[in-house]
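Hi,

Here is the structure I promised to send over. Have a look at it first, and then read on for what turned up.

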Amino acid sequence: MVGMLLGLSGCGFSAPEDVVVTSSGAPSDTGSMDDGDTDGAAPEADPDDIDDDGDGYTENEGDCDDASATVNPDAIDGCDGTDEDCDGVLDEDAADDDMYEPNDTSAHDLGSVNDSPVQAIQGLLHNDDDVDRFVFSFEDTWSPYFALSLSLGSIPSGADYRLTIENRTTGETLFDEAGDGNLSASMTEDLFADQTADFEIIITSEGGADCNRSYLLTLDLVE
Ligand SMILES: [Ca+2]
Ligand SMILES: [Ca+2]
Ligand SMILES: [Ca+2]
Ligand SMILES: [Ca+2]
């Protein structure tokens with residue numbers, strides 16, 4: 001086929017743009033088109049096989065930004081709104097700076113609210129997949145307390161967080177609401193009656209989690 005094209009080129013016929021005629025008269029492949037020819041020449045390099053930013057990874061090796069050496073599969077994915085390690089999960093290594101982690105799976109123990117009736121916790125949801133769990137115990141003995149006010153405030157603007165409170169002993173869900181701004185639960189004596197138990201607070205995001213902006217969780221056992 002090439003031989004026929006060369007023969008015709010002398011008669012004003014245009015060769016395909018990826019074929020040039022060399023001084024020796026042999027065709028060579030410039031690679032300006034997909035290398036679907038059969039001329040035997042080595043195919044040109046795939047640009048996605050070239051490590052443009054010198055971070056050790058090409059696009060085909062998982063570098064999702066080959067113009068930035070700080071973005072590659074080996075990077076630490078800190079809190080900056082960029083998925084530096086190219087795994088599709090945003091800012092997950094920001095959890096390393098969170099004193100309450102790893103409370104996704106192992107709840108952070110706040111102790112007994114009878115002993116510490118007022119508590120304030122500044123926590124962070126690193127991304128919309130983050131789950132923050134806290135556990136506290138309550139002993140239903142004679143006491144001057146009749147209600148526990150529990151509030152999740154300072155939810156970042158534009159975000160919706162969910163507050164869930166469960167009785168760990170019975171598995172009962174006592175409170176479960178999502179919203180912005182502030183979420184408040186009041187656990188009255190009804191809920192505590194004969195419920196010397198561990199309670200779990202679960203904070204999740206419905207969207208807009210911000211690893212730079214902490215929420216404020218407060219517990220206030222009131223008389
Ligand atoms: Ca690279
Ligand atoms: Ca890169
Ligand atoms: Ca990531
Ligand atoms: Ca990041």
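Before the details, some housekeeping: this is a predicted model, in which local features need pLDDT of at least 70 and side-chain atom pairs count only at pLDDT 80 or more, while totals for chains, interfaces and linings use all residues. Residues are numbered from 1 along each chain as its sequence is written, chains are lettered from A and ligands numbered from 1 in the order in which they are written, and side-chain values use heavy atoms, with hydrogens and water left out.

Let me start with calcium. A donor here is an N, O or S atom within 2.8 Å of the metal (3.2 Å for Na, K and Ca), and because water is not among the atoms, sites may look incomplete.

The calcium ion (ligand 1) is held by Asp51 (OD), Asp53 (OD), Asp55 (OD), Tyr57 (O), Asp63 (OD) and Asp66 (OD), at 2.2 to 2.4 Å. Its 6 donor atoms make angles of 81 to 173°, and the site is octahedral (for six donors: opposite ones over 155 degrees apart and all others between 65 and 115). Two of the donor residues are buried (under 20% relative accessible area; exposed is over 50%, partly exposed in between, with a 1.4 Å probe and protein chains only): Asp63 at 3% and Asp66 at 7%. Asp53 also bridges to the calcium ion (ligand 2), and these two ions lie 3.9 Å apart.

Further along the chain, Asp77 (OD) is a donor to the calcium ion (ligand 3) and also to the calcium ion (ligand 4). For ligand 3 the other donors are Asp83 (OD), Asp85 (OD), Asp87 (OD), Val89 (O) and Glu92, which is listed with OE twice, and the distances run from 2.1 to 2.9 Å. Asp83 is buried at 18%, whereas Glu92 is partly exposed at 22%. For ligand 4, Gly78 (O), Asp80 (OD), Thr82 (O), Glu84 (OE) and Asp91 (OD) complete the list of protein donors, at 2.0 to 2.4 Å. That site is octahedral too, with angles of 70 to 177°, and Glu84 in it is buried at 11%.

Now the aromatics. There are 3 aromatic pairs, meaning Phe, Tyr or Trp rings (the six-membered one for Trp) with centres within 6.5 Å; planes under 30 degrees apart are stacked, over 60 edge-to-face and the rest tilted. One of them is Tyr100 with Phe134, edge-to-face at 5.4 Å between centres and 75° between planes. Both Tyr100 and Phe134 are buried. Tyr161 and Tyr215 are also edge-to-face, at 6.4 Å and 85°. That pair links strands β7 and β11, 54 residues apart (strands are DSSP runs of E, at least two residues, numbered from the N terminus). Tyr161 is buried at 0%, and so is Tyr215 at 0%.

Strand β4 (residues 118-123) is worth a look: Gln119, Ile121 and Gly123 point to one face and are buried, while Val118, Ala120 and Gln122 point to the other and are not. β4 runs antiparallel to β11, joined by 6 bridges (strands pair at two bridges or more by DSSP), with Gln119 opposite Leu219.

Leu219 turns up again in the largest nonpolar core: of its 30 residues, Phe136, Leu150, Ile201, Ile203 and Leu219 touch the most other members. Such a core is a set of buried Ala, Val, Leu, Ile, Met, Phe, Trp, Tyr and Cys residues joined through side-chain atoms within 4.5 Å.

Cheers

Terms used
Tetrahedral: all angles 85-135°; square planar, octahedral: opposite > 155°, others 65-115°. Helix = DSSP H or I, 4+ residues; strand = E, 2+ residues; numbered from the N terminus.
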